[in-house]
Amino acid sequence: MKKGNLFLYIGGAISAIMSFLIILGYFWTPYSPTAMNVGAKFQAPSLEHLMGTDNFGRDIFSRVIDGAGTTFFIAVSVVAIGCALGILIGSLCGYYGGLPDIILTRICDSITAFPSFLLALVIISIMGSGKYNIIFALGILFIPSFARIVRSEFARYRDLNYIKSARLMGAGSFRIMFRHILPNTFPVLLSAITIGFNNAVLSEASMSFLSIGIQPPDASLGSMLSDSQIYLGSAPWYALGTGAVIILLILGFSLLSEGLQRMSKNG
Amino acid sequence: MADMLNVKDLKVHFHNAPEEKFAVNGVSFSVKEGEILGLVGESGSGKTVTAMSISGLLPKNRADFFGSITLDGSEIFQCSEKEILSILGDKLGIVFQEPMTSMNPVMRIGPQIEEALRVHTNLSKDERRQRALEAMAQAELGEPEKVYKKYPHELSGGMLQRAMIAAAIISRPKLLLADEPTTALDVTIQAEILSLLRRLNMEHNMAILLISHDLHVVRRLCSRVAVMQQGKIVEEGLVEDIFKNPQHPYTKKLLDAIPTRDRKLI
Ligand SMILES: Nc1ncnc2c1ncn2[C@@H]1O[C@H](COP(=O)(O)OP(=O)(O)OP(=O)(O)O)[C@@H](O)[C@H]1O
Ligand SMILES: [Mg+2]
């Protein structure tokens, strides 16, 4: 119990700080993320530049916050698409069963059978890269994992006594699914969302790292990490700062989800 | 008096059961307006399947149904799902055997009691709440205001069963199906729930189909009783007649299960 709270507190604190910085970054950063200053390139971290400066003399901290904002936006959108459509498909399949359920489950299985990265590559190469195409590609790929979880939950709840008694009071199928069953799946859904968020952050970062994701002048954590590797010797703080933000982003949400799960288990 | 419920030659066959085994095999009975009819029989005799058939919600893809069920003029087997849902919770209230699992753990008691009103009426939030508190008071649920805000795990089995009864009677149904409403409860609570049902019947002229495997329970409440065995009704009549002079050997067996001291009390 105490330990669960520790997960919750630490994860909550990290996530809160990261979210605060990211949201702040949409309005204000210490320096303009794109302002170059040739006189001040490759400066080591100092009070003036918390994470130093890059090859153009741009403030890395400002750029990281800005890039994290892009990554965060993509991850949240991907999870939102995957979760919303996953809930829709999973609830219908789990609740009604039958042939549509079998067909949709097979489709989901075959999507997950491919390495998702490869599929994203295919979609990107057809549609072209760019922020919204990445969101679309990853969003589609994230549907099956949510759909599968929601489906098994709905199939389980469908026959429970209290769901039957709601039906016996005249509640229609739509009401049963979304008012009576869905709230029961929130704990499971919550951990799926945090895991999904982390996967989305990593997928976006890897795609941008391989420069099939975000294209300049946009910057994301992945594309910055990719830029930074050239200067690993001369300006290691570039890669370290960017990497640290990715790690903190993921660590914070993982701990938060673990803490929430433990809390809900302990009642 | 007119029939509130009329079941005629009801047969139910589950697809996964052997060809010749009917869970309910030609059952006919009727419940008049404001009457309490007892339906007794041992475990597996088909009581719950009969009740679920009346509710019209047994999945048609898992069982075949024959015969007819008329509820307050509506022919259940002829109704669309929409028509059935409009009857459930409105004209027909249902209470189950298992109070502990009949309430949604993530919803508060109050809104669950109001469910039928939400589905069937356009009452405002406050009006629904008022009706819920009334129904809870009628179901003799102590401190309705407090219980309204609680979650199911905070209530005892007896309180939950009262909450289920409140939910079933909130839209003042003409017929209440009570499927072993007291089996999961201890003896004192059982007696209280039974007298509650009798009061609801007398004060609101609500007809009740009381299902039980316990003739003792039925005798306390019903004037008429039907005895069910292996999907068939083997004996039907006034409770006193059946207690004094049981015709069918199965009824005699059921009576023998009741301690003799009790039987002399009649
Ligand atoms: N979903 C189902 N699928 C197949 N058979 C079923 C199903 N539900 C009930 N049955 C069968 O129907 C018969 C009657 O069951 P029912 O539940 O109506 O008995 P009951 O009289 O209510 O017994 P109890 O006192 O234990 O509640 C049983 O033989 C049972 O095996
Ligand atoms: Mg039963």
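This is a short tour of chain B and ligand 1 in a predicted model, with a selection to make at each stop.

**Before you start**

Residues are numbered from 1 along each chain as its sequence is written, and chains are lettered from A and ligands numbered from 1 in the order in which they are written. Because the model is predicted, local features need pLDDT of at least 70 and side-chain atom pairs count only at pLDDT 80 or more, while totals for chains, interfaces and linings use all residues; side-chain values use heavy atoms, with hydrogens and water left out.

Colour chain B by pLDDT, the predictor's confidence in each residue, from 0 to 100. The chain averages 89, and 96% of its residues score at least 70. For the model, ipTM is 0.84 and pTM is 0.83. Where pLDDT is low, the predicted coordinates should not be read in detail.

**Stop 1: ligand 1**

Select ligand 1 and the residues near it (a heavy atom within 4 Å). You should have 13 residues, with Ser43(B), Gly44(B), Lys47(B), Thr48(B) and Val49(B) coming nearest. By type, this shell holds 3 nonpolar residues (Ala, Val, Leu, Ile, Met, Phe, Trp, Tyr, Cys and Pro), 4 charged (Asp, Glu, Lys and Arg) and 6 polar (the others, Gly among them). Helix α1 (residues 47-55) of chain B gives the most, with 3 residues; helices here are DSSP runs of H or I, at least four residues, and strands are runs of E, at least two, numbered from the N terminus.

Now look for polar contacts, pairs of N or O atoms within 3.5 Å (within protein, one atom must be able to donate a hydrogen and the other to accept it, and residues adjacent in sequence count only if both atoms are side-chain atoms). The side chain of Ser43(B) has an N or O atom 2.4 Å from a ligand 1 oxygen, and for the side chain of Thr48(B) the distance is 2.6 Å. Gly46(B) uses a backbone N or O atom, 3.1 Å from an oxygen of the ligand. On its own, ligand 1 has 640 Å² of accessible area (Shrake-Rupley method, 1.4 Å probe), and the protein covers 65% of this.

**Stop 2: Glu134(B) and Arg172(B)**

Next, turn to the salt bridges (a side-chain nitrogen of Lys or Arg within 4 Å of a carboxyl oxygen of Asp or Glu). There are 21 over all chains. Select Arg172(B) and Glu134(B), whose closest N and O atoms are 3.5 Å apart. Arg172(B) sits in the loop between α6 (157-169) and β7 (175-179) and Glu134(B) in helix α4 (residues 125-138), so the pair ties together parts 38 residues apart in sequence.

Are these two buried or exposed? Arg172(B) is exposed (over 50% relative accessible area) at 52%, whereas Glu134(B), at 35%, is partly exposed (between 20% and 50%; buried is under 20%; 1.4 Å probe, protein chains only). While you are here, add Ala166(B): its C-alpha atom is 8.6 Å from that of Glu134(B), 32 residues apart along the chain.

**Stop 3: a salt-bridge network**

Finally, select Glu140(B), Arg162(B), Glu192(B), Arg199(B) and Glu203(B), which are linked in a network of salt bridges.

- Glu140(B) and Arg199(B) approach to 2.2 Å between their closest N and O atoms. Glu140(B) lies in the loop between α4 and α5 (144-148) and Arg199(B) in helix α7 (residues 187-204), so parts 59 residues apart in sequence are tied together.
- Arg162(B) and Glu192(B) have their closest N and O atoms 2.5 Å apart. This pair joins helix α6 to helix α7, so it ties together parts 30 residues apart in sequence.

Arg162(B) is buried at 8%, whereas Glu192(B) is partly exposed at 38%.
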